[in-house]
Amino acid sequence: MIEWDQIVHSIRKPIQEVTVSIVGKYTEFPDAYKSLVEALNHGAISNKVKVKINWVNSREKEEKPINEKLIGEKLQNSHAILVPGGFGDDGVEGKILAINYARKNNIPFFGICLGMELAIIEFARNIVKLEDAHSEEFHNCKHPIVKLAGDQDDDLGGTMRLGAYKCNTNASSKMMDAYSNTTISERHRHRYIINSDYKDDLEKNGLLCSGISEDGTCIEAVELESHPWFIGVQFHPEFQSKLFSPHPLFVSFIKAAVNKI
Ligand SMILES: NC(=O)CC[C@H](N)C(=O)O
């Protein structure tokens with residue numbers, strides 16, 4: 001009962017409000033991101049704040065092509081920016097511009113699945129200077145930073161890397177700070193993975209690979225060492241968040257957003 005009272009109090013009388021921008025292509029159908037919004041709410045309640053979502057459509061519109069200036073205007077009031085999972089190349093360059101904005105302006109950034117893949121592509125293009133870096137999901141390129149997982153073919157359907165996998169977190173990382181655990185288990189839903197051939201290049205330039213699958217084959221999480229909160233995860237933490245057990249990454253993300261007020 002005491003726990004319920006605290007939650008109800010947090011919802012009714014939040015101390016502050018944070019604005020989190022969600023940059024996706026289905027923003028006119030917020031139910032597409034239902035579990036994500038609930039997980040953000042759980043993180044907010046646990047920080048005793050309220051979260052306001054700023055929906056940002058990353059799709060190009062013929063009459064108003066997405067560019068750096070337009071994305072900057074749409075994101076300017078954000079305390080944090082989240083790029084969720086997704087499939088297909090529609091809206092991808094807009095999401096990459098949003099990630100670039102978060103990285104350069106030190107705004108807390110959370111990339112989930114496709115959001116993580118695009119964060120690494122942004123970093124590879126602009127910091128590692130691999131200008132042609134991209135994902136094999138979208139087209140063939142000189143630097144396939146994101147590649148088809150070894151056991152996958154590019155057919156669509158229920159053959160993805162699905163379900164729970166264990167992951168080891170780096171002992172001195174923000175991931176570890178959030179989870180307080182060096183072994184975690186998270187749920188997956190993807191076909192492409194980060195190309196480990198580029199791990200050294202990424203790490204040398206400041207993008208730490210902070211989570212590696214138990215079998216050592218997949219980079220499951222990355223984070224920018226020189227940024228207040230910039231984390232990308234290959235899995236879907238939103239699937240495991242609950243009101244009474246908010247997911248630690250969402251708690252930590254919202255805390256970082258509060259620090260931007
Ligand atoms: N769930 C997702 O975001 C999937 C990301 C990407 N389309 C992949 O298959 O790897």
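The space that the ligand takes is the largest pocket of this predicted model. Around the ligand stand G85, G86, F87, C113, L114, E117, E137, R189, H190, R191, Y192 and H236, and this shell divides into four nonpolar, four polar and four charged residues. Among the elements of secondary structure, α5 (114-126) and β8 (183-190) each contribute at least two residues to the shell around the ligand.

Three of the surrounding residues have polar atoms for which a distance to an atom of the ligand can be given, as the table sets out.

| Residue | Protein atom | Ligand atom | Distance |
|---|---|---|---|
| L114 | backbone N or O | oxygen | 3.0 Å |
| E137 | side-chain N or O | nitrogen | 2.8 Å |
| Y192 | polar backbone atom | oxygen | 2.9 Å |

On its own the ligand has 300 Å² of accessible area, and the protein covers 99% of this.

A sheet in the model can be described alongside the ligand site. Its three strands follow the order β5-β6-β9 in an open arrangement with mixed pairing. Because β5 (134-135) and β9 (192-194) stand at the edges and each has a single partner strand, one side of each is left without a neighbour in the sheet. Strands of a sheet pair through backbone hydrogen bonds, in either the parallel or the antiparallel sense. Here β6, which spans residues 144-148, pairs with β9 in the antiparallel sense over three bridges, and V146 stands opposite I194 in β9. The edge strand β9 covers residues 192-194, and Y192 also belongs to the residues that surround the ligand.

Key. Residues numbered from 1 in each chain as written. Predicted model: local features only at pLDDT ≥ 70, side-chain atom pairs only at ≥ 80, totals over all residues. Heavy atoms only, no water. Near = heavy atom within 4 Å. Polar contact = N/O pair within 3.5 Å; in protein donor to acceptor, adjacent residues only side chain to side chain. Areas by Shrake-Rupley, 256 points an atom, 1.4 Å probe, with all protein chains shown as cover. 1 Å grid on protein atoms, 1.4 Å probe; cavity = no way out; pocket = protein on both sides within 12 Å on 5 of 7 lines; lining within 4 Å. Sits in = over half its atoms within 2 Å of the grid points. Helix = DSSP H or I, 4+ residues; strand = E, 2+ residues; numbered from the N terminus. Nonpolar A, V, L, I, M, F, W, Y, C, P; charged D, E, K, R; others polar. Pairing = 2+ DSSP bridges.
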